[in-house]
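Please open the structure in your viewer and keep the selection tool at hand. The tour below proceeds stop by stop, naming what to select and describing what is found there.

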Amino acid sequence: PRLQNPLFRRERSRIGRWLLVGIPLAVVVAIPILLFSLPFFYMRDVEVSGLTTLSAEEVKGVVYDVLNKRRLLVLPGWHRLFVNKLRIAERLDDKYAFEELTVDKRWRVLVISAKERITQVAWLSGDKAYYLDLEGKVISEADDATRQALLTRAGGGEANIPNVQPTMPII
């Protein structure tokens, strides 16, 4: 090896120092930017299956509300890594009555499979009306127009009520 004079040390080039620090720093900054900006990592579609009376668009609307909110104020809700399946299932269970509900991710598609409770009985109670299943569980509350139509039909009149079979008992 070559002897070096300690009084006349050779300075390392500044370019080498910048490369030594700059390249790893650029990689550390570029990876999260690419992960958050590339559309490849975002959910593309929502598929809903297994519904009998509910419309798929209505269920998708609830899912879109959850996905459009950011997590921790920064993380995009549509990003595949940050899709919160548990929160989506909770919101759907709060809004609708399902016997079974599964929320899965298939690469860029969010798949929702649901089996809903079927309305069997209409229950009038004071100024409210409810739909019940055969177990007596309340599935949903009827809106005012539907409540009025149920009251008319319960009184012996005829009323066309959407999503209610003409033979459905009213109690």
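**Stop 1: A nonpolar patch on the surface**

Begin by selecting Ile 15, Leu 19, Ile 23, Val 27, Ile 31, Leu 35 and Phe 36, which make a nonpolar surface patch of about 630 Å². The model in the viewer is a predicted one. Next, select Ile 15 alone; this residue lies in helix α1, residues 14-37. Ile 15 is exposed, with a relative accessible area of 62%. In soluble globular proteins, nonpolar side chains tend to be buried together.

**Stop 2: The largest nonpolar core**

Which residues touch the most other members of the largest nonpolar core? Select Val 46, Val 63, Leu 67, Ile 88, Leu 92, Leu 110 and Ile 112, which hold that position in a core of 19 residues. At least two residues of this core come from each of β1 (45-49), α2 (56-67), α3 (85-95), β2 (98-106) and β3. The most is given by α2, which contributes five residues.

Now select Leu 110 and display its surroundings. Beyond its neighbours within four places in sequence, Leu 110 is in contact with several residues, including Val 46, Val 63, Leu 67 and Ile 88. The contacts of Leu 110 also include Asp 45, Glu 47, Asp 104 and Lys 105.

A second core, separate from this one, has ten residues, among them Tyr 131, Ala 142, Val 164 and Met 168.

**Stop 3: Strand β3 and its partners**

Select β3, residues 109-116. Is this strand largely enclosed or open? Six of its eight residues are buried, so β3 is largely enclosed by the rest of the structure.

Add β1 to the selection: β1 and β3 run parallel and are joined by five bridges. Within this pairing, Val 46 has Leu 110 as its bridge partner in β3. Then add β2, which pairs with β3 in the antiparallel sense over eight bridges. Here Asp 104 stands opposite Val 111. The strands β2 and β3 form a hairpin with two residues between them, and Trp 107 takes a positive phi near 45° in this hairpin.

**Stop 4: Two further hairpins**

Select β4 (121-125) and then β5 (residues 128-132), which are joined by five bridges and run antiparallel. Leu 124 has Ala 129 as its bridge partner in β5. This hairpin has two residues between its strands, and Gly 126 in the turn has a positive phi of about 65°.

Continue to β6, residues 138-141, which runs antiparallel to β5 and is joined to it by three bridges. Tyr 131 finds its bridge partner in Ser 140. Five residues lie between β5 and β6 in their hairpin, where Gly 136 in the turn has a positive phi of about 90°.

**Stop 5: Gln 120**

Select Gln 120, found in the loop between β3 and β4. With 31% relative accessibility, Gln 120 counts as partly exposed. Apart from its neighbours within four places in sequence, Gln 120 is in contact with Leu 132, Asp 133, Leu 134, Met 168 and Pro 169. Add Ile 170 and examine the C-alpha atoms: those of Gln 120 and Ile 170 are separated by 9.4 Å, and the two residues are 50 residues apart along the chain.

**Stop 6: Salt bridges**

Side chains of opposite charge can pair when their charged atoms come close. How many salt bridges are counted in this model? The count comes to six.

Select Glu 57 and Lys 60, whose side chains meet in a salt bridge of 3.9 Å, N to O. These two residues are three residues apart in helix α2, which means that about one helical turn separates them. Glu 57 is exposed, with a relative accessible area of 56%, whereas Lys 60 is buried, at 15%.

Next, select Arg 117 and Asp 133, which form a salt bridge with the closest N and O atoms 3.2 Å apart. The pair links distant parts of the chain, Asp 133 being in the loop between β5 and β6 and Arg 117 in the loop between β3 and β4, 16 residues apart. Asp 133 counts as buried at 7% relative accessibility, and Arg 117 counts as buried at 18%.

Finally, add Glu 135, whose side chain meets that of Arg 117 in a salt bridge of 3.7 Å, N to O. Glu 135 lies in the loop between β5 and β6 and Arg 117 in the loop between β3 and β4, so this pair ties together parts 18 residues apart in sequence. Glu 135 is exposed, with a relative accessible area of 59%. Through shared partners, salt bridges join Arg 117, Asp 133, Glu 135 and Lys 137 into one network.

Conventions:
Residues numbered from 1 in each chain as written. Predicted model: local features only at pLDDT ≥ 70, side-chain atom pairs only at ≥ 80, totals over all residues. Heavy atoms only, no water. Patch = residues over 30% accessible without salt bridge, like charges linked within 9 Å, V, L, I, M, F, W, Y side chains within 5 Å. Areas by Shrake-Rupley, 256 points an atom, 1.4 Å probe, with all protein chains shown as cover. Salt bridge = Lys/Arg side-chain N within 4 Å of Asp/Glu carboxyl O. Helix = DSSP H or I, 4+ residues; strand = E, 2+ residues; numbered from the N terminus. Buried < 20%, exposed > 50% of the residue type's maximum accessible area, 1.4 Å probe, protein only. Contact = heavy atoms within 4.5 Å. Core = buried A, V, L, I, M, F, W, Y, C linked by side-chain atoms within 4.5 Å. Pairing = 2+ DSSP bridges.
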